[in-house]
Amino acid sequence: MAEKYFVECACGTQVRVALHEAGTDKACHSCHRSVRIPDTITLQESSGDPYPLIRPIEKINRTLQNKEPPFDGVCHHCDEVNAAYGTPVDFNVLVKREMDHDGGIRPSITGGIVLEIAAATEFWENHAFPLLLCTDCYHAFESDRNNSRFKKRIVAISVTILFIALLIFVFLMDPIFAAVLTFCSFIGLIIGALFKVSHQKVEPYVIKWLSEIRWFSEAIIMEDEYKLTIGPSEKLKKSKS
Ligand SMILES: [Zn+2]
Ligand SMILES: [Zn+2]
């Protein structure tokens with residue numbers, strides 16, 4: 001859930017404002033008078049944010065380290081019961097990319113030309129934190145995860161069947177062309193597999209569940225490039241208390 005900020009109007013209405021509106025005026029939706037919105041730090045403090053000055057992802061790190069909410073052991077989804085399951089989240093963000101050279105076509109010393117691929121050094125920052133869920137919410141989460149796997153499998157199977165049908169059809173028309181097509185598809189599959197390893201797409205259900213962690217929505221909006229993966233859920237050990 002994204003952070004909510006409110007400013008009280010003289011008429012008593014709580015006007016919902018966004019962080020980027022800080023320092024401006026906004027019309028109250030009930031009396032239409034204009035309401036002054038304070039600066040970002042005041043806004044964040046008023047929403048109970050203990051760390052208004054640091055990046056959202058740093059807020060997650062800090063609260064995790066200090067075992068403060070949202071990492072005080074309460075379920076991230078219902079916010080009512082203590083969590084019984086933890087799902088590890090790996091959030092890697094690109095901090096910096098330095099271009100070593102741009103690449104392109106260059107003349108070589110021996111005559112002739114060489115094609116150089118652009119080279120860059122990337123600096124990634126890793127953040128690891130758990131999604132904490134109570135037993136009920138964990139089952140809802142796992143059912144979303146299974147549905148997503150099931151859908152992927154159905155799509156893969158349908159595409160394969162369609163492709164085999166196409167190959168058989170082409171083979172009956174022209175066996176040589178069918179062989180070429182098979183070879184090209186094989187190369188395509190290899191490239192596709194390599195591409196998939198480096199560019200894993202985040203599934204919508206993952207974002208939906210992780211957005212239950214305070215500041216996560218803000219954190220993901222702030223990063224231009226990131227890799228997000230979740231691991232298998234584990235039952236949490238009962239803390240001695
Ligand atoms: Zn008002
Ligand atoms: Zn719950």
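**Exercise 1.** Which residues does Asn92 touch, not counting residues up to four places away in sequence?

*Solution.* Keep in mind that you're looking at a predicted model.
- Step 1: find Asn92 on the chain. You'll spot it in strand β5, which covers residues 85–101.
- Step 2: list its neighbours, leaving out residues up to four places away in sequence. You get Trp124, Glu125 and Asn126, plus Glu225, Tyr226 and Lys227.
- Step 3: look at Asn126 again. Its side chain and that of Asn92 are joined by a polar contact of 2.8 Å.

**Exercise 2.** Work out how strands β6 and β7 are put together, and find what Gly111 does in their hairpin.

*Solution.*
- Step 1: locate the strands. β6 takes in residues 104–107, and β7 takes in residues 113–116.
- Step 2: check their direction and links. They run antiparallel, with 4 bridges joining them.
- Step 3: match up some partners. Gly104 sits opposite Glu116, while Ile105 has Leu115 as its bridge partner.
- Step 4: go to the turn. The hairpin has 5 residues between the strands, and Gly111 has a positive phi near 90°.

**Exercise 3.** Hunt for unusual backbone angles in the loop between α2 and β5, looking at Lys67 and Pro70.

*Solution.*
- Step 1: recall what to expect. Most residues other than glycine have a negative phi, and most peptide bonds are trans.
- Step 2: place the two residues. Lys67 lies in the loop between α2 and β5, and Pro70 lies in the loop between α2 (56–65) and β5.
- Step 3: read phi for Lys67. The value is positive, near 50°, in a residue other than glycine.
- Step 4: read omega for the peptide bond from Pro69 to Pro70. This omega is near 5°, and the bond is cis.

**Exercise 4.** Describe how domain 1 and domain 2 meet.

*Solution.*
- Step 1: mark the domains. Domain 1 is 1–53, and domain 2 is 70–235. Their centres, taken over C-alpha atoms, are 37 Å apart.
- Step 2: count the residues in contact. You'll find 7 in domain 1 and 6 in domain 2.
- Step 3: get the area. Interface size is often given as the accessible area lost when the parts come together. Here the two domains bury about 550 Å² between them, with 35% of it on carbon and sulfur atoms.
- Step 4: look for polar links. Between the domains there are 4 residue pairs in polar contact (both at pLDDT 80 or more). There's also 1 salt bridge between domain 1 and domain 2. The side chains of Glu3 and Arg214 meet in a salt bridge, at 2.7 Å from N to O.
- Step 5: sort the residues on the side of domain 1 that touches domain 2. They split into 3 nonpolar, 2 polar and 2 charged.

Methods: Residues numbered from 1 in each chain as written. Chains lettered and ligands numbered in written order. Predicted model: local features only at pLDDT ≥ 70, side-chain atom pairs only at ≥ 80, totals over all residues. Heavy atoms only, no water. Domains from an automatic or database assignment. Contact = heavy atoms within 4.5 Å. Buried area = accessible area lost by both parts, 1.4 Å probe. Salt bridge = Lys/Arg side-chain N within 4 Å of Asp/Glu carboxyl O. Polar contact = N/O pair within 3.5 Å; in protein donor to acceptor, adjacent residues only side chain to side chain. Nonpolar A, V, L, I, M, F, W, Y, C, P; charged D, E, K, R; others polar. Pairing = 2+ DSSP bridges. Helix = DSSP H or I, 4+ residues; strand = E, 2+ residues; numbered from the N terminus.
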